[in-house]
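Here is a friendly walk through one protein fold, written for someone who likes to look at the details. Keep the viewer open as you read.

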Amino acid sequence: MGAYVNPIYPYKAPTDLKATPPLRKPLIVIGAGPVGLAAAVDARLQGLDVLVLDDDKTVSVGSRAVCYAKRSLEILDRLGVADPACALGVSWNIGRTFLEEDEVYQFNLVPDAGHKRPGMINLQQYHIEEMLIARALELGADIRWQHKVTAVTRHDDHATLTVETPDGTFEIEADWLVVADGARSPIRRHLGLDIEGRVFQDRFLIADVIMKADYPAERWFWFDPPFHPNQSVLLHKQSNNVWRIDFQLGWDADPEEEKKPEKVIPRLQAMLGDDRPFELEWVSIYTFQCRRMTDFRHGRVLFVGDAAHQVSPFGARGANSGFQDVDDLMWKLALVIQGQAPDKLLDTYALDRQFAADENIMNSTRSTDFITPKSRTSKTFRNQVLALAKHYPFARKLVNSGRLSVPSFLTQSLLNTPDADTFEGNMVPGAPMDDAPVQVQGKEAWLLDQVGHGFACLHFADAMPSADALAQLQSLQSPCGSAPLRANAPPLTITPLIVAPRALDVPGMKVIVDAQGWIAKRYDGKAGTTYLLRPDQHVAARWRQLNAAQVQQAVARATCN
């Protein structure tokens, strides 16, 4: 069957990076994992030069982060890699939870129609990294392999990095530094920055197993199965006939002993219950923790992904929340670097994503406490819930084998303009946009693909907009907001998008046809309703009538101008 072979990326001597005094770069990213690579891709899409430094020369070893949620796929759509990821990955919406051999609960991540992407795909992290590397290079990012950052010195207006390579050590400066060097984050430790939370005393075995099996593409979670009594097991299908199986081992398990094939293979044979051939691609033992840094921003140094926050793997909140960090950060960083917003805008990155991290940690902690109860009371509660869930529907909703990743609703963000009108539905200021099927110029399309990488104004019309409405929409395409912070700053504009139930010929503007009515339903969109959308596809403001001055005021608020 054959296991995955890691590619080796070429090392380039840092001759062009060495200088006295040190060379200054506008943006450096430390770490070429999924989150750091996503930051590099987004930087290029925002028009920023970016240098990525990584101490390795290949992608991750083993599947690692495998579940990518619908919101992450929508972010990857904007970055230009969701199509290959979804083509190779295993799509799924259904999860099932079992007690012993009986199903006690199931869920559907996307119960309604009208979405481009599934609730989840399963895809090994090394595949995602390969796709992001290819995309970053295509867009012109500079990725340097075997460039290990050993020290960072912070200054008021830049950071100085010490970089170790096979050709010696040198220093380089960054106006802005994004740290994406993982859960152990050498840079975070080097800077002496805190990270606080809980470390859970349990161990799990991950086995990536190559085999042919006819199990459905669903998430299966067992409590106390006969093949692994008194513990839990998780099964996921990945690409290329690779299956991810997690076995709970308990805190007393010897990590080195449990990784040995002679220990792993009998567990797998007991679970599979037949003589089918299989290969072990990767085996690892992990413990987990739920914790975060107090502050994700430290002057010109910004932390993202696992470097900033960690959660248990139950709920697939690690890589998914990291992608959302990047989605929140990079448009703000671009506006600051380009002189279109003050650097206090980056404080809202820290505030909003710290709020999201707390939400993820809360949900992850609850899941972990249910799966691995550490007190007599919590274990009694868990066991009674599972026993009742066999027979009573009310108890099934209490079964918690991992509340799966959903995007945070940033309802407390300082960038939101509060509602002055009455709306139904979930698209409140701070909400991530819901997708919907649309038609554009007679072709089938999707709403989120029309928004782009900047601010957009979504205006609902049931007929050709009036001359006044058109004039106001056209005015949004002119420079708006406060005066630029630098003389050479590019103008900040808003892209107007008209949503109508049928095609309209509006010169100079994109018309989105909501033929099936999904946008109107999800956004409570009546004629005149207007939404301001942030570059990261979150709602910034909404009104029942279009007023260009109010839209521009909301943009100023959303950019801290």
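What follows is a short tour of the helices, sheets, salt bridges and backbone details of this predicted model.

**Helix 1 and its surroundings**

Let us begin with helix 1, residues 34-45. Its 12 residues should span 16 Å at 1.5 Å a residue, and the end C-alpha atoms are indeed 16 Å apart, which agrees. How many of the 12 residues of helix 1 are buried? The count is 10, so the helix is mostly covered. Those buried residues are P34, V35, G36, L37, A38, A39, A40, V41, D42 and A43. They pack against several elements, including strand 1, strand 2 (51-53) and strand 8 (142-144). Helix 2 (70-79), helix 4 (125-138) and helix 8 (318-337) are also among the packing partners of these buried residues. After helix 1 comes G47, which has a positive phi near 85 degrees.

**Salt bridges**

One residue of helix 1 leads us to the charged side chains. In the whole structure, a search finds 36 salt bridges. Three of them are set out here, with the N to O distance of each.

| Pair | N to O distance | Accessibility |
|---|---|---|
| R78 and D42 | 2.8 Å | both buried |
| R71 and D327 | 3.1 Å | both buried |
| K260 and E257 | 3.1 Å | K260 partly exposed, 34%; E257 partly exposed, 32% |

What does the salt bridge between R78 and D42 tie together? R78 lies in helix 2 and D42 in helix 1, so the pair ties together parts that are 36 residues apart in sequence. The bridge between R71 and D327 has its closest N and O atoms 3.1 Å apart. Here R71 belongs to helix 2 and D327 to helix 8, so this pair ties together parts that are 256 residues apart in sequence. These two pairs also belong to a wider arrangement: D42, K70, R71, E74, R78 and D327 are linked in a network of salt bridges.

For K260 and E257, the side chains meet at 3.1 Å, N to O. K260 counts as partly exposed at 34% relative accessibility, and E257 is partly exposed as well, with a relative accessible area of 32%.

**Strands and sheets**

Now to the strands. In general, the strands of a sheet pair through backbone hydrogen bonds, either parallel or antiparallel.

Strand 11 (residues 168-179) is a good place to start. Strand 1 runs parallel to strand 11, and seven bridges join the two; in this pairing I30 stands opposite V179 of strand 11. Strand 10 (residues 159-165) also pairs with strand 11, in the antiparallel sense and over seven bridges. A159 stands opposite A174 in strand 11, and a hairpin of two residues joins strand 10 to strand 11. Strand 18 (residues 301-303) pairs with strand 11 in the parallel sense over three bridges, with L177 opposite V301 in strand 18.

Elsewhere, eight strands form an open sheet with mixed pairing, in the order 6-5-13-14-15-12-16-19. Strand 6 and strand 19 (309-310) stand at the edges of this sheet, and each has a single partner strand, so one side of each is left without a neighbour in the sheet. Within the order just given, strand 14 (residues 232-237) and strand 15 (residues 242-248) pair in the antiparallel sense over five bridges. H236 stands opposite R244 in strand 15.

**Backbone details**

A few backbone angles deserve a visit. The peptide bond from T20 to P21 is cis, with omega near -5 degrees, and P21 sits in the segment before strand 1 (23-30).

Which phi sign does E100 show? It is positive, near 60 degrees, in a residue other than glycine. E100 lies in the loop between strand 5 (94-99) and strand 6 (102-108), and E100 is partly exposed, with a relative accessible area of 36%. Q441 is not a glycine either, yet has a positive phi of about 50 degrees. Its place is the loop between strand 20 (437-440) and strand 21 (443-446), and Q441 counts as exposed at 79% relative accessibility.

**A nonpolar patch**

Our last stop is on the surface. F381, L388, Y392, F394 and L398 make a nonpolar patch of about 500 Å². F381 is found in helix 10 (residues 376-389) and is partly exposed, with a relative accessible area of 44%.

Key
Residues numbered from 1 in each chain as written. Predicted model: local features only at pLDDT ≥ 70, side-chain atom pairs only at ≥ 80, totals over all residues. Heavy atoms only, no water. Helix = DSSP H or I, 4+ residues; strand = E, 2+ residues; numbered from the N terminus. Buried < 20%, exposed > 50% of the residue type's maximum accessible area, 1.4 Å probe, protein only. Expected span 1.5 Å × (residues − 1). Contact = heavy atoms within 4.5 Å. Patch = residues over 30% accessible without salt bridge, like charges linked within 9 Å, V, L, I, M, F, W, Y side chains within 5 Å. Areas by Shrake-Rupley, 256 points an atom, 1.4 Å probe, with all protein chains shown as cover. Salt bridge = Lys/Arg side-chain N within 4 Å of Asp/Glu carboxyl O. Pairing = 2+ DSSP bridges.
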